[in-house]
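Got the viewer open and a hand on the mouse? Here's a walk through the model, one selection at a time.

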Amino acid sequence: MKKFTYSSILSQLLLLVFVIIWIIPTFGLFISSLRDKDLLAISGWWTALTTTEVNEIYRMSGMASQIQEEDYFIIKGKLFENNPGKKIQSFGITSKKINEFEIGEIAIFKDKSEVTIDENGNYLWKSFNEFKKKKGKRVFTTSLSPPSFTFDNYREVLFKEGIGRAFINTLAVALPSTLIPLIICSFFAYALTWMKFFGRDTLLAIIIASLVVPLQMSLIPILTIYNDFGALFGVAAKSYPGVWMAHTGFGLASTTFLLRNFLKSLPNEMMEAAKVDGASHYDIFLKIILPLSIPAFASIFILQFLWCWNDLLVGLVFLDQVPSEIILTAKLKELLGSRGENWEILTTGAFVSMTIPLFIFFALQRYFIRGLVAGSVKG
Amino acid sequence: MSLLNLSLIVFLGVLFFISYFHISNFVLDRFGQRSNNRFQFENSFRVIIFILPAFIVLFIFILYPVFETVRLSFYDKFGREFVGLYNYKWAVNDPEFRRSILNNLGWLLIVPTLSTFFGLVIANLADRIWWGSIAKSIIFMPMAISFVGAGVIWKFIYEYRGPGDTQIGLLNAIIVSFGYEPQAWLTIPLWNNVFLMAIMIWIQTGLALVIFSAALRSIPKEMIEASRIDGASELKIFFSIIIPYLEQTILVIWTLITIIVLRIFDIIFAMTNGEWQTGVLANLMYDWMFRGGGDSGRGSVLAIVIMIGVIPILAWNLYKHRQEQKI
């Protein structure tokens, strides 16, 4: 059999195109989050991957830092902080001719003062007359900047912008919102599968119907309940337990449905044998069902956890938008609005919010996919 | 709230539910042994213990709200006075509502169709190529990211700078390099909807992809091999064997994505907040929940309109469920 046919090359190319289109947006964000924050706003992220020519404007120091040496007044300094890769190619002293002078050449201002700049950004500005202005003059530089990446943005965002706290808040929302439905639904699904009682079929039909009910149907009534409850007992209407229960409510149908599908596939004989031995339903649940259900639990845990972690609407409606309660997605949305031009905060914040999902994605992909595939059967 | 308190209430919250089941079952085990007709007594109590928490949650968070929302849609903004069809009449005459309905329809038409289509094509391509599973992983990855995160990611694609400036958005950088004027993509009416949908397609294709990949394995290899030997082209195999074989799966995925798209909120809320005519029903509803102190009547009408969209799917699910029960 021929290994390389035209159609196989064609399909490889086509798939490659898809892959590139799909990965570029995320890749761009990742690169951006590692870039210097000043460069972020003035050049595209793709320029960070190669050595690029950048034009910049700097201002030299003013009269305060002048020293007198023999006949001259001298101001020395650095245009930019140490940046090992950055090399100035040429410079200028007017905005019309920004690369008039080579490195080492002497540029003369209108007031007869002279300046030289070396490639690392050190400048020497001297004049016969005393410097009298508070601010120094502007110089224009053209420099080559190799790819350079930094974790500064992460440091700044995690500790200064409240993203770190939002991360913890999200965890405090998502963990119980995943564990509580898993606990109560496993008993529920067990009862629906292995116990006989009046109204079981109706209950099952209600679960199937609830699978597709949009959560918008519940928002207003639940918000009202929470407000009344808060007023009645003198507690805050918006709180962590409130969000947990809301997420539990919205995830209940799918969690129960998935668990029941799994339990149904277990052999009946096992339960019967245990019952004959005098085991109660609770014994059976703890000693037989629970150990067998670990893989199913893992899949459902991941699905529900990601859903809660990534949710915006529930966190927006049922939590106060204050630092001690705001979740990551709401925080990001807030930054998008108020700090839309502070790209370093946005990109880094977005990446921080993705760490857990991406970890789950790469480490537990098998369970994630299994859950999704099992869940899709419900359509 | 301090971090210590926070972790404490998280711990207690989860512990509460575990102890409920453990203690109540423990008491029943002890108590049940003393009663005479043990099994009947024990079983009926056990059922109650097992289903009660889930049932209460189901009732408070799904069943009651559905009826309450329907009721509220006939009441004024505070939910106090009966106003008949007033809120519905408002909706029909509201230009924002009409715009949202049209946008929602656009989303429903385009996103599930394209996501399903791309998912099917990619699953097929990846199935036959040695690096296919890596490709699948990459295309599936957006599924793990939040809609807001995806919004930030795509902001870097759509960002706009004035004609003279350096473009830092990829899309504008590309068209400028071809000599065109840069565009503020998200503000061009009608087209901006398409640009927002692209984000959703980018996310949901992964869902379609993994489900199709699983389904593809169920197609007998011999059938495809046989038709290859008979000289059928790959395209012919795709249309004559694979698509008919996966018909059921295609329908399932299409409905699944339809349900997700119907309640789409985050992407639009984060990217445009419904401005430049990009609003959809869920955004309008969120708006009315809080606008002018909140209007529960109008908000409820909007929720019901979203609900009406899923009713055919709901009925179909129940029908299929009943068929299964009969077997």
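Which residues of H5(A) meet which residues of H14(B)? On the chain A helix, pick A:Ala205, A:Ile208 and A:Ala209. Across from them, on the chain B helix, pick B:Leu314, B:Asn317, B:Leu318 and B:His321. Sorted by class, this contact has five nonpolar, two polar and no charged residues. Keep in mind as you go that you're looking at a predicted model.

**Stop 1: the two helices at that contact**

Now show the whole of both helices: H5 is residues 200-210 of chain A, and H14 is residues 296-326 of chain B. Two packed helices are described by the angle between their axes and the distance between the axes. Here the angle is about 145° and the axes are 9 Å apart. The crossing of H5(A) over H14(B) is right-handed.

**Stop 2: the whole interface**

Zoom out and colour by chain. The contact draws 85 residues from chain A and 87 residues from chain B. Which helix gives the most to chain B's side? Select residues 38-72 of chain B: that's helix H2, and it supplies 18 residues to the side touching chain A. Colour that side of chain B by residue class and you get 66 nonpolar, 13 polar and eight charged residues.

**Stop 3: more helix packing in chain B**

Stay with H14(B) and add its neighbour H3, residues 86-93 of chain B. The two axes come within 9 Å and cross at roughly 65°, so H3(B) and H14(B) count as roughly perpendicular. Their crossing is right-handed. To see who does the touching, select B:Asn87, B:Tyr88, B:Trp90 and B:Ala91 on H3(B), then B:Gly297, B:Arg298 and B:Val301 on H14(B). By class, that makes four nonpolar, two polar and one charged residues.

Next, hide those and bring up H4 (residues 95-127) and H8 (residues 191-216) of chain B. Their axes come within 6 Å and cross at roughly 40°, so this pair is oblique. H4(B) passes H8(B) in a right-handed crossing. The residues in this contact are 15 nonpolar, nine polar and one charged.

**Stop 4: domains**

Colour chain B by its domain assignment: domain 1 is 3-57 and domain 2 is 94-326. Between the C-alpha centres of these two domains there are 42 Å.

Do the same for chain A, which has domain 1 (6-47), domain 2 (51-146) and domain 3 (154-376). Drop a centre on the C-alpha atoms of domain 2 and another on those of domain 3 of chain A, and they sit 59 Å apart.

**Stop 5: the five-stranded sheet in chain A**

Show strands only for chain A. What is the order of strands in the open sheet of five? Reading across, it goes S2-S3-S8-S7-S6, with antiparallel pairing. S2 (67-69) and S6 (107-108) are the edge strands, and each pairs on one side only.

Select S3 (residues 72-78) and S8 (residues 122-127) of chain A: six bridges join these antiparallel strands. For a landmark, find A:Ile75, whose bridge partner in S8(A) is A:Trp125. While you have side chains on, remember that in a regular strand the side chains alternate between the two faces of the sheet.

Then add S7, residues 114-117 of chain A, which pairs with S8(A) in the antiparallel sense over four bridges. A:Ile117 has A:Tyr123 as its bridge partner in S8(A). S7(A) and S8(A) form a hairpin with four residues between them. Click on A:Gly121 in the turn: this residue has a positive phi of about 95°.

**Stop 6: the four-stranded sheet in chain A**

Last selection. This open sheet of chain A is ordered S1-S9-S4-S5, again with antiparallel pairing. At the edges are S1 (52-59) and S5 (101-102), each with a single partner strand, so one side of each is left without a neighbour in the sheet.

Zoom in on S5(A) and S4 (residues 87-92) of chain A, an antiparallel pair joined by two bridges. Which residue of S5(A) is the bridge partner of A:Ser90? Look for A:Glu102.

Definitions and conventions: Residues are numbered from 1 along each chain as its sequence is written. Chains are lettered from A and ligands numbered from 1 in the order in which they are written. This is a predicted model: local features need pLDDT of at least 70, side-chain atom pairs count only at pLDDT 80 or more; totals for chains, interfaces and linings use all residues. Two residues are in contact if their C-beta atoms, placed from the backbone, lie within 7 Å. Ala, Val, Leu, Ile, Met, Phe, Trp, Tyr, Cys and Pro count as nonpolar, Asp, Glu, Lys and Arg as charged, and the others, Gly among them, as polar. Domain bounds come from an automatic or database domain assignment. Two strands pair if DSSP finds at least two bridges between them. Axes are lines fitted to C-alpha atoms, for helices over the stretch in contact, and angles run from 0 to 180 degrees between N-to-C directions. Angles under 35 degrees count as roughly parallel, over 145 as roughly antiparallel, 65 to 115 as roughly perpendicular and the rest as oblique. A crossing is left-handed if the near helix is turned anticlockwise from the far one by less than a right angle, and right-handed if clockwise.
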